[in-house]
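Here are a few worked exercises to try with the model open beside you. Have a go at each task before reading its solution.

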Amino acid sequence: MDKRTQAKLKVKKQITDALFALMHDKRIEDITVTELIRTAGVARSSFYRNYTSKPQVLTALTEDILRRFLDGRDAAEIDCMTYSHVRHSFEFFKEYGKYALDMYRSGFAALLIDELNKFHEAVAGEMSAKSVDRYTVYMYIGAMVDTALKWLECGAQESVDDIAAVFCEFMGIEMA
């Protein structure tokens with residue numbers, strides 16, 4: 001990775017971390033860009049070079065994490081209804097749980113769910129807008145997000161394997 005790309009990633013992380021830190025004490029609407037860049041230690045132009053708004057920081061973070069989730073795989077080649085996928089999903093929720101919980105606690109669970117819905121719509125492929133089957137994607141994501149958030153809120157005391165197994169059993173997903 002070249003130095004310019006590394007510098008851009010560092011700035012984005014500083015802005016993201018600063019926004020989450022500020023969101024512990026304030027609603028996102030009450031945080032000014034000036035306050036955000038001062039906390040992040042970056043220039044105003046750095047913020048606007050990377051983002052169009054404060055909520056867009058959260059969207060971009062979610063998109064970045066989902067790109068890491070794919071790890072070079074084509075979304076169309078993923079089968080969500082496998083134990084392997086469910087386990088991998090809970091691993092990511094555990095790894096990025098602080099962000100997920102902070103988004104949830106700050107009233108941005110809908111943004112998280114919307115991004116996960118878009119991701120899984122791409123994974124599911126073409127579905128007719130008239131097909132009732134498309135709702136299974138949303139049921140799956142709703143159950144996954146709610147389960148992961150409650151698991152994280154309780155300190156993720158159960159192992160990833162255990163929580164994935166319980167989820168799969170409830171959803172009727174084969175463990176093989």
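**Exercise 1.** Which residues are linked with Lys-12 in a network of salt bridges?

*Solution.* Before we start, a word on the ground rules: this is a predicted model, in which local features need pLDDT of at least 70, side-chain atom pairs count only at pLDDT 80 or more, and totals for chains, interfaces and linings use all residues. Residues are numbered from 1 along each chain as its sequence is written, and side-chain values use heavy atoms, with hydrogens and water left out.

Step 1: apply the criterion, a side-chain nitrogen of Lys or Arg within 4 Å of a carboxyl oxygen of Asp or Glu. The structure holds eleven such salt bridges.

Step 2: look at Lys-12 and Asp-64, whose side chains meet at 3.7 Å, N to O. Because Lys-12 sits in helix 1 and Asp-64 in helix 4, this pair ties together parts that are 52 residues apart in sequence. Helices here are DSSP runs (H or I, at least four residues), numbered from the N terminus.

Step 3: add Arg-67, and the network of Lys-12, Asp-64 and Arg-67 is complete.

Step 4: check the surroundings. Both Lys-12 and Asp-64 are buried; buried means under 20% relative accessible area, exposed over 50%, and partly exposed in between (1.4 Å probe, protein chains only).

**Exercise 2.** At roughly what angle do the axes of helix 1 and helix 4 cross?

*Solution.* Step 1: fit lines to C-alpha atoms over the stretch in contact, and take the angle between N-to-C directions, from 0 to 180 degrees. For helix 1 (residues 3–23) and helix 4 (residues 54–70), the axes come within 10 Å and cross at roughly 120°.

Step 2: classify the angle. Helix 1 is therefore oblique to helix 4, since angles under 35 degrees count as roughly parallel, over 145 as roughly antiparallel, 65 to 115 as roughly perpendicular and the rest as oblique.

Step 3: assign the hand. Helix 1 passes helix 4 in a left-handed crossing (the near helix is turned anticlockwise from the far one by less than a right angle; clockwise would be right-handed).

**Exercise 3.** Compare two salt bridges, each formed inside one helix: Asp-102 with Lys-98, and Glu-153 with Lys-150.

*Solution.* Step 1: take the pair in helix 6 (residues 97–105), where Asp-102 and Lys-98 are four residues apart, about one turn. Their side chains meet at 2.9 Å, N to O. Asp-102 is buried at 7% relative accessible area, whereas Lys-98 is exposed at 54%.

Step 2: turn to helix 8, where Glu-153 and Lys-150 are three residues apart and so separated by about one helical turn. Their closest N and O atoms are 3.4 Å apart. Glu-153 is partly exposed at 35%, and Lys-150 is partly exposed at 38%.

**Exercise 4.** Where is Ala-156 found, and is it buried or exposed?

*Solution.* Step 1: locate Ala-156 in the loop between helix 8 and helix 9 (160–171).

Step 2: read its accessibility, 13%, which means that Ala-156 counts as buried.

Step 3: inspect the backbone. Most residues other than glycine have a negative phi. Phi of Ala-156 is near 45°, a positive value.

**Exercise 5.** What is the relative accessible area of Tyr-138?

*Solution.* Step 1: find Tyr-138 in helix 8.

Step 2: its relative accessible area is 29%, so Tyr-138 is partly exposed.

Step 3: trace a neighbour in space. The C-alpha atoms of Tyr-138 and Asp-114 are 9.5 Å apart, with their positions 24 residues apart along the chain.
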